[in-house]
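Reader: I'm new to this one, and I'd like to know what stands behind the labels people put on it. Could you show me the structure and then take my questions?

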Amino acid sequence: MTTFEQAPKGILIAVGGNEDKGTFPRAKKQFHLNFFELGILKRIIDTMGGKEALIEVITTASMIPEEVGAMYLHAFGVLGCQQVQVMDIREEADALKPEFLARLRKASGVMFTGGDQSRLFRIFSGTAFHQILLDRYHREPGFVIAGTSAGAMAMSDVMIKGGSSSRSLLKGSVKLDRGLAFQENVIFDSHFVKRGRFGRLMEAVATHPYKIGIGLGEDTGVLISQGNFIETIGSNLVIVVDGHHIKHNNASYAAPGTPLSIENLRVHVMALGNYYDIRERKFCVGNKIEVPQQ
């Protein structure tokens, strides 16, 4: 993989999801996109360049890719986007197909759907498809990588792949793995407030205290520019967990299944109109963060 010395010029948009789109049994027909009505999908379109944007929807994480792909085509169409296609990539070999690589090079941006974040890593990591995404994200202003639920969680280099909310903050209850590393200084979690995932993000940050934990509420997301400046979008909450000031922390030596103890873990609650600077670890209300021009 190519290494990059400068801040990325593209944009990440990580969305907390609404329902487990991509994990429903086929008998359940609630495949609607609740969050697009609240402006998140429109914001994604605008960031990709408007209604004429060339958008590729990647349904790889889903176990029901046909239904999920159709749902996104309909949702984008309702908002006036007609140049939207679905990449039906289900296995590693699919990610090597020249037609998909050519489409990826032309796209204004991509949208990863929900489902299983481990599938995204297994199928894409280290492939030419992954490298094109990384290259375009780091080098091309305006290129957008968006993802919801699992599609958001896979964006970081350290990824939460599972774990019990009810047993969180007991050593080892959160399962971590490698992600696709579009964002290297954070750990994402999704469906955060509704499913009570505070404890598992705290454990993830205690295990990696120099990462910023970002818990994405449903109907809510973050727009990250230059790999650093976070803007909250949507109707719900984003929880930021900062471990840089931790003092006592037994995460490295506690026995499996025993309680963690963590001193001085900092938490911020962000809503629409709030901003956060990851490097400076600075919270702002309103548009007070000056994003330097690239």
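Author: Sure, and let's begin with the cysteines: the structure holds zero disulfides. Keep in mind that this is a predicted model, where local features need pLDDT of at least 70, side-chain atom pairs count only at pLDDT 80 or more, and totals for chains, interfaces and linings use all residues. Residues are numbered from 1 along each chain as its sequence is written, and side-chain values use heavy atoms, with hydrogens and water left out.

Reader: What would make something a disulfide here?

Author: A pair of cysteine sulfur atoms within 2.5 Å would do it. The count of such pairs is zero.

Reader: And why is Cys-81 called buried?

Author: Buried means under 20% relative accessible area, exposed means over 50%, and partly exposed is in between (1.4 Å probe, protein chains only). Cys-81 has 3% relative accessibility, so it counts as buried. Cys-284, at 6%, counts as buried too. Over the whole chain, 54% of the 294 residues are buried.

Reader: What makes Asp-46 and Lys-42 a salt bridge?

Author: A salt bridge needs a side-chain nitrogen of Lys or Arg within 4 Å of a carboxyl oxygen of Asp or Glu. The closest N and O atoms of Asp-46 and Lys-42 are 3.0 Å apart, so the pair meets that cut-off. Both residues sit in helix 1 (residues 40-48), four residues apart, which is about one turn of the helix. The structure holds 15 salt bridges.

Reader: Are those two buried or exposed, or something in between?

Author: In between. Asp-46 has 40% relative accessibility, so it counts as partly exposed, and Lys-42, with 44%, is partly exposed as well.

Reader: Why is the salt bridge of Glu-56 and Arg-103 said to tie parts together?

Author: First the distance: their side chains meet at 2.7 Å, N to O. Glu-56 lies in strand 2 (residues 55-58) and Arg-103 in helix 3 (residues 98-106), so the pair ties together parts that are 47 residues apart in sequence. Helices (H or I, at least four residues) and strands (E, at least two) are DSSP runs, numbered from the N terminus. Glu-56 itself has 3% relative accessibility, so it counts as buried.

Reader: How do you know that Arg-139 and Asp-135 are about one helical turn apart?

Author: They're four residues apart in helix 5 (residues 128-139), so they are separated by about one helical turn. Their closest N and O atoms are 3.7 Å apart, and they form a salt bridge. Arg-139 has a relative accessible area of 49%, so it is partly exposed. Elsewhere, salt bridges that share partners join Glu-66, Asp-88 and Arg-90 into one network.

Reader: On to the rings. How many aromatic pairs are there?

Author: The structure holds four. Among them are Phe-112 and Phe-124, with ring centres 6.0 Å apart and planes at 80 degrees.

Reader: Why is that pair called edge-to-face?

Author: Rings of Phe, Tyr and Trp (its six-membered ring) pair if their centres lie within 6.5 Å; planes under 30 degrees apart count as stacked, over 60 as edge-to-face and the rest as tilted. The planes of Phe-112 and Phe-124 are at 80 degrees, so the pair is edge-to-face. Phe-112 lies in strand 4 (residues 109-112) and Phe-124 in helix 4 (residues 117-124), so parts that are 12 residues apart in sequence are tied together. Both Phe-112 and Phe-124 are buried.

Reader: And what makes Phe-192 and Phe-198 a tilted pair?

Author: Their centres are 4.8 Å apart and there are 55 degrees between the planes, so they are neither stacked nor edge-to-face, and the rest counts as tilted. Phe-192 is buried, with a relative accessible area of 0%, while Phe-198, at 34%, counts as partly exposed.

Reader: What makes helix 7 mostly covered?

Author: Seven of the 10 residues in helix 7 (residues 198-207) are buried, including Gly-199, Leu-201 and Val-205. The buried residues of helix 7 pack against several elements, among them helix 6 (150-153) and strand 9 (212-216).

Note on methods
Contact means heavy atoms within 4.5 Å.
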